[in-house]
Amino acid sequence: MRNSLRIFFHWTLVILWAGMIFLSSSVSSFAVFFGPSAGAAKSSDWISGTVHVVIYSILCFLLIIAFRSLKTPFGKSLLFSFLLSLLYGVSDELHQYFVPGREMHLSDWLLDALGSYLIVGIYSYQKMRKKKTPPRIVA
């Protein structure tokens, strides 16, 4: 029963986070005001790009945890999480195409993919480090 509750909790987090992404994509526009400076558009693009990377990093992280709670092997958990994050990013961009005031951008999807890839890379690196730990000699 305890494991079932953990699985339910992890997948609920994934669904809630995906729902938050969907709802934020449904908003016609996010106005970010930096004042009437020439660098405002560049700052806004930088912030938007950072948000894409962070949001999809979190999605991929939650997916990895959810797959691991199902006892999915490590490599498959990373692969499935990465692919699902990519597919959700595509569906998010397609969804934005139909929202008035929003546009579909390949660059946004690439930033989503980068965020997911960063998390997969961090997990892979941590796993590799654990395997290379020299055995302890107990005297």
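In the predicted model, Ser85 is in contact with Tyr56, Leu59, Cys60, Leu63 and Ser116, once its neighbours within four places in sequence are left aside. Ser85 itself belongs to helix H3, which runs over residues 74–97, and it counts as buried because its relative accessibility is 1%, where buried means under 20%.

Three of the residues that Ser85 contacts, namely Tyr56, Leu59 and Leu63, reappear in the largest nonpolar core, whose nine residues are Val14, Ile21, Ile55, Tyr56, Leu59, Leu62, Leu63, Ala66 and Phe67. Two elements, H1 and helix H2 (40–69), each give two or more residues to this core, and the element that gives the most is H2, with seven residues. The link between these two helices can be followed at Leu62, a member of the core, which touches Leu13, Val14 and Trp17 when residues up to four places away in sequence are not counted. A second core, separate from this one, has eight residues, among them Ile64, Leu78, Ala113 and Val120. As general background, nonpolar side chains in soluble globular proteins tend to be buried together.

Helix H1 covers residues 2–26, and its 25 residues reach 36 Å from the first C-alpha to the last, which is close to the 36 Å expected at 1.5 Å a residue. The buried residues noted in this helix are His10, Val14, Ala18, Ile21 and Ser25, and of these Val14 and Ile21 are also listed in the largest nonpolar core.

Beyond the helix, Val27 is found in the loop between H1 and H2, and it counts as partly exposed because its relative accessibility is 34%, which lies between the limits of 20% for buried and 50% for exposed. Although Val27 and Val99 are 72 residues apart along the chain, their C-alpha atoms are separated by 7.6 Å. Val27 is in contact with Val99 and also with Arg102, again leaving aside neighbours within four places in sequence.

On the surface, a nonpolar patch is formed by Val90, Leu94, Tyr97, Phe98 and Met104, which together have about 530 Å² of accessible area. Leu94, one of the residues of this patch, is found in helix H3, and at 43% relative accessibility it counts as partly exposed. Helix H3 therefore holds both Ser85, which counts as buried at 1% relative accessibility, and Leu94, which counts as partly exposed at 43%.

Key:
Residues numbered from 1 in each chain as written. Predicted model: local features only at pLDDT ≥ 70, side-chain atom pairs only at ≥ 80, totals over all residues. Heavy atoms only, no water. Helix = DSSP H or I, 4+ residues; strand = E, 2+ residues; numbered from the N terminus. Expected span 1.5 Å × (residues − 1). Buried < 20%, exposed > 50% of the residue type's maximum accessible area, 1.4 Å probe, protein only. Contact = heavy atoms within 4.5 Å. Patch = residues over 30% accessible without salt bridge, like charges linked within 9 Å, V, L, I, M, F, W, Y side chains within 5 Å. Areas by Shrake-Rupley, 256 points an atom, 1.4 Å probe, with all protein chains shown as cover. Salt bridge = Lys/Arg side-chain N within 4 Å of Asp/Glu carboxyl O. Core = buried A, V, L, I, M, F, W, Y, C linked by side-chain atoms within 4.5 Å.
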